[in-house]
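The report below describes a structure in terms of its backbone, its ligand and its metal site. Please read it alongside the sequence and the model.

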Amino acid sequence: MAILPIIETPDPLLRQISSSVEDVTDETRALVKDMIETMYAAHGIGLAAIQVGVPKRLLVIDLQEPEEEGGEPVKKPMVFINPEILSESEELQVYNEGCLSVPEQYAEVERPERIRARWQDEHGATHEEELDGLLGICLQHEMDHLNGVLFIDHLSRMKRDMLLKKLAKSRKLAA
Ligand code: K1U
Ligand code: ZN
């Protein structure tokens, strides 16, 4: 297993539209394992393949929520291959989103509160479920990556420019 480098904005790869995974093979499963390890190492709750430079419609999510209040987070990674949104609620919700490809920047994004999604897992089995809460938000955020969209694209030009200025400043300070 390996921790892979995560690419960051403004890398043009992040704007690429990812291609479907034709067959779920051992090679796909090896990439999935590396992506899960990379997500945990970066303290993220999701990661799309394009963020590690692979333009495939594949993403992983683990909200790492404790089983009981105050308990230790339990690792339960979910694998989404060729995910599709079948329907979305009219009701919207707002969440303060972050992105490992836009490091340490957060902003409120409005998205549908519930979605019905279909995807394949790492064994090639198909799932269809209604998802809401943070899982629904995270899946929508990661699926945006598969279409070359970043959470900052959902912001007004003024908010996006302010956030990108803050990012440039923090990179300059860190250099
Ligand atoms: O870069 C990514 O796509 C992962 C991203 C997922 C995400 C976070 C918040 C809302 C929507 C999607 C992250 O994990 S960034 C890190 C982060 O914001 C976070 C980490 C742990 C708990 C909660 C948020
Ligand atoms: Zn992201």
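## Backbone features

P10 is found in the segment before α1 (26-41), where helices (H or I, at least four residues) and strands (E, at least two) are DSSP runs numbered from the N terminus. The peptide bond that leads from T9 into P10 is cis, with omega near 10°. In the loop between α1 and β1 (46-48) lies H43, a residue other than glycine whose phi is positive, near 60°. Most residues other than glycine have a negative phi, and most peptide bonds are trans.

This is a predicted model, in which local features need pLDDT of at least 70 and side-chain atom pairs count only at pLDDT 80 or more, while totals for chains, interfaces and linings use all residues. Residues are numbered from 1 along each chain as its sequence is written, chains are lettered from A and ligands numbered from 1 in the order in which they are written, and side-chain values use heavy atoms, with hydrogens and water left out.

## Surroundings of ligand 1

The shell around ligand 1 holds 15 residues, of which I45, G46, Q51, L100 and E142 come nearest; a residue counts as near if one of its heavy atoms lies within 4 Å. β4 (92-97) and α2 (133-146) each supply at least two residues of this shell, and α2 gives the most, with four.

Among the polar contacts of ligand 1 (pairs of N or O atoms within 3.5 Å), a backbone N or O atom of L100 lies 2.6 Å from an oxygen atom of the ligand. Side-chain N or O atoms of E142 and H145 also approach ligand oxygen atoms, E142 at 2.7 Å and H145 at 3.4 Å. The protein covers 83% of the 520 Å² of accessible area that ligand 1 has on its own, by the Shrake-Rupley method with a 1.4 Å probe.

## Zinc site

The zinc ion (ligand 2) has as its protein donors C99 (SG), H141 (NE2) and H145 (NE2), at 2.1 to 2.3 Å; donors are N, O and S atoms within 2.8 Å of the metal (3.2 Å for Na, K and Ca), and sites may look incomplete because water is not among the atoms. Along the chain these donors follow the spacing C-x41-H-x3-H. Because C99 lies in the loop between β4 and β5 (107-112) and H141 in helix α2, the pair ties together parts that are 42 residues apart in sequence.

How values were computed
Polar contact = N/O pair within 3.5 Å; in protein donor to acceptor, adjacent residues only side chain to side chain.
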